[in-house]
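Hi,

Here is the structure I said I'd pass on. Have a look at it first, and then read on for what turned up.

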Amino acid sequence: MTKPGIAQASCADDYDLESMPVDKARAFIHRFLEPLTATMHVPIRDALGRVLAADVVSPVDVPSHRNSAMDGWAMRGEDLAPGAETALEEIGASFAGRPFAGVVAPGQCVRIMTGGVVPAGADTVVMQERARADGKRVAFAPGVRIGQNVREAGEDLRRGTVALAKGRIVRPAELGLIASLGIGEVDVYRPLRVAFFSTGDELKPIGSTLGEGEIHDSNRYTIHGMLTRLGCEVLDMGVVRDDPALLERAFREAAANADVVITSGGVSVGEADFVKGMLARLGEVVFWKIAMKPGRPLAYGRIGGAHFFGLPGNPVSVMVTFYQFVREALLKLMGADPVPPSPTFPAACASRLRKAPGRTEFQRGVLARGPDGAWTVRPTGEQGSGILKSMSEANCFIILGDAVGDVEPGTVVEVQFLEGLV
Ligand code: AMP
Ligand code: MG
């Protein structure tokens, strides 16, 4: 069965274009996201921030040899008296990279360092803090379990098993893990190409003098930053004036050159009418009023072969809608599986918040430890959707759900960290 088109699906009875709940909009978008399939083979350093396109299978046991987890001595565990001190004779040493060649016989022990190969015959390591050496005679305190402090070969990872599954985003830890297996190149999905432009007659580039009512285009910079952090290949198409012919040309060019097209501005009531007709000719786009603040108008759809996100013009709305809708969608298109969630967690709110029920609000907050050590959150001053300073000061969103009204100090609210969000 073929999937319904975007416009058809949005006309289904249970979608209200005039008041679309956040979760529903998110779920709607996800139905239409088909991850990239093109892959490339790259040296592992170049895989940082990219998504694995194939399982990484371990060609070796990790660790490759039975080794010591501690600095100490290796011996036969059965030689140690359970209830009394035991003295053994030290016959050699096994250091990391320099194993002991002989066999440990009854009554003997070998000096061993962390990571050193546990010599033949030995099965137990006693840490040096529980031993006393007098020349070649070493006395060990009682209470040692046979097998203690020994890491078995293959304990972390067996040869032939999947070390990292397809769909994993490669972070520094994954780079190290892949390198530890002796693998120098991996398959990743090709980067997602995202074209973006700002719309608005009032927008002027940096470096030009502002006339009355004109402002500098800031959205292209936040969008550039958010996309670059996410690992996308960006195509910045500048500012496009509110002119049908210019906009149509820009949309066509963007869709022809990218997997995803993102715009800011032009989706609010009035302006939307202006672009609606054009986008209906170029593709399939739905215009929503999301039951959220900020970020109420949002357009989503397809233009030619590209996905399209039409974000509102207000600078804070751009960032909120990007983090709440676009980020996850792009990660899914990039092949991430599962898409890492942006965790939310509870924190006590330090001040009173004004909030109207019936929509989800994403207030900008500062999360900090209170004097009692508990995490508390406070809003960053003025919350207007044009005030980027509130976004810059914030380290989290305070998410107030549809049902919530005014919040009294001390109430527990949901917060979502911004730091570390990719
Ligand atoms: P719009 O959604 O186009 O009606 O824009 C809403 C508000 O956001 C207006 O005050 C615009 O001037 C402002 N705005 C739109 N685009 C940008 C931009 N690229 N940079 C800064 N502000 C913008
Ligand atoms: Mg505009």
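Below are my notes on the sheets, two residues, and the empty spaces. Keep in mind that this is a predicted model.

**The sheet from β4 to β9**

Let's begin with the sheet that runs β7-β4-β6-β5-β9-β8. It is open, has 6 strands, and its pairing is mixed. The edge positions go to β7 and β8 (131-134), each of which has a single partner strand, so one side of each is left without a neighbour in the sheet. From one strand to the next, the twist averages 40°.

Strand β4 (residues 72-75) makes a good place to start tracing. It pairs antiparallel with β6 (residues 108-112) over 4 bridges, and β4 also pairs antiparallel with β7 (residues 124-127), again over 4 bridges. Trp73 is a handy marker for both pairings: it stands opposite Arg111 in β6 and opposite Val126 in β7.

Further along, β5 is joined to β9 (residues 137-140) by 4 bridges, in the antiparallel sense. If you want a residue pair to click on there, Glu89 has Arg137 in β9 as its bridge partner.

**Ser94**

Ser94 belongs to strand β5 (residues 86-94). Is Ser94 buried or exposed? Its relative accessibility is 0%, and since anything under 20% is classed as buried, Ser94 counts as buried. Leaving out residues up to four places away in sequence, Ser94 touches Pro99, Phe100, Val110, Arg111, Ile112, Met113, Gly116 and Val117. Arg111 in that list is the residue that Trp73 stands opposite in β6.

**The sheet from β13 to β21**

The other sheet to look at is also open and mixed, with 6 strands in the order β16-β13-β17-β21-β20-β18. Here β16 (233-240) and β18 (283-289) are at the edges with a single partner strand each, so one side of each is left without a neighbour in the sheet. Neighbouring strands are turned by 15° against each other on average, direction ignored.

Inside this sheet, β20 (residues 297-303) and β21 (residues 306-311) run antiparallel and are joined by 5 bridges. Ile303 stands opposite Ala306 in β21. Two helices pack on the sheet:

- α6 (residues 271-282) touches β18, β20 and β21, and its direction makes about 150° with that of β18.
- α7 touches β17 (260-264), β20 and β21, with its direction at about 170° to that of β21.

**Ala53**

Ala53 sits in the loop between β1 (39-43) and β2 (56-57). With a relative accessible area of 13%, Ala53 is buried. What does Ala53 contact, leaving aside its neighbours within four places in sequence? The residues are Thr39, Lys166, Asp187, Val188 and Tyr189. Also worth a glance is Ala165: it is 112 residues away from Ala53 along the chain, and their C-alpha atoms are separated by 8.6 Å.

**Cavities**

The count comes to 2 cavities of 30 Å³ or more.

The largest cavity holds about 60 Å³ of space. Its lining is made up of Thr199, Leu247, Phe251, Thr263, Gly265, Gly266, Val267, Val275, Leu279, Phe287 and Phe308. Helices α5 (244-257) and α6 are the elements that give two or more residues to this lining. By class, the lining divides into 7 nonpolar, 4 polar and no charged residues.

The second largest cavity has a volume of about 40 Å³. Lining it are Arg50, Val51, Tyr189, Arg190, Pro191, Leu192, Gly231 and Met334, which come to 5 nonpolar, 1 polar and 2 charged residues. Tyr189 lines this cavity and is also one of the contacts of Ala53.

**The second largest pocket**

Last, a pocket. The second largest pocket has a volume of about 300 Å³ and is lined by 25 residues. Which of them lie nearest its centre? Those are Glu202, Gly265, Pro312, Gly313 and Asn314. Gly265 turns up in the lining of the largest cavity as well. β15 (215-216) and α7 (315-333) each supply at least two residues of the pocket lining. Its makeup by class is 6 nonpolar, 14 polar and 5 charged residues.

Shout if anything is unclear.

Cheers

Technical notes: Residues numbered from 1 in each chain as written. Chains lettered and ligands numbered in written order. Predicted model: local features only at pLDDT ≥ 70, side-chain atom pairs only at ≥ 80, totals over all residues. Heavy atoms only, no water. 1 Å grid on protein atoms, 1.4 Å probe; cavity = no way out; pocket = protein on both sides within 12 Å on 5 of 7 lines; lining within 4 Å. Points joined across faces, edges and corners; volume = space filled by probe spheres on them. Nonpolar A, V, L, I, M, F, W, Y, C, P; charged D, E, K, R; others polar. Pairing = 2+ DSSP bridges. Axes fitted to C-alpha atoms, helices over the stretch in contact; angles between N-to-C directions. Contact = heavy atoms within 4.5 Å. Buried < 20%, exposed > 50% of the residue type's maximum accessible area, 1.4 Å probe, protein only.
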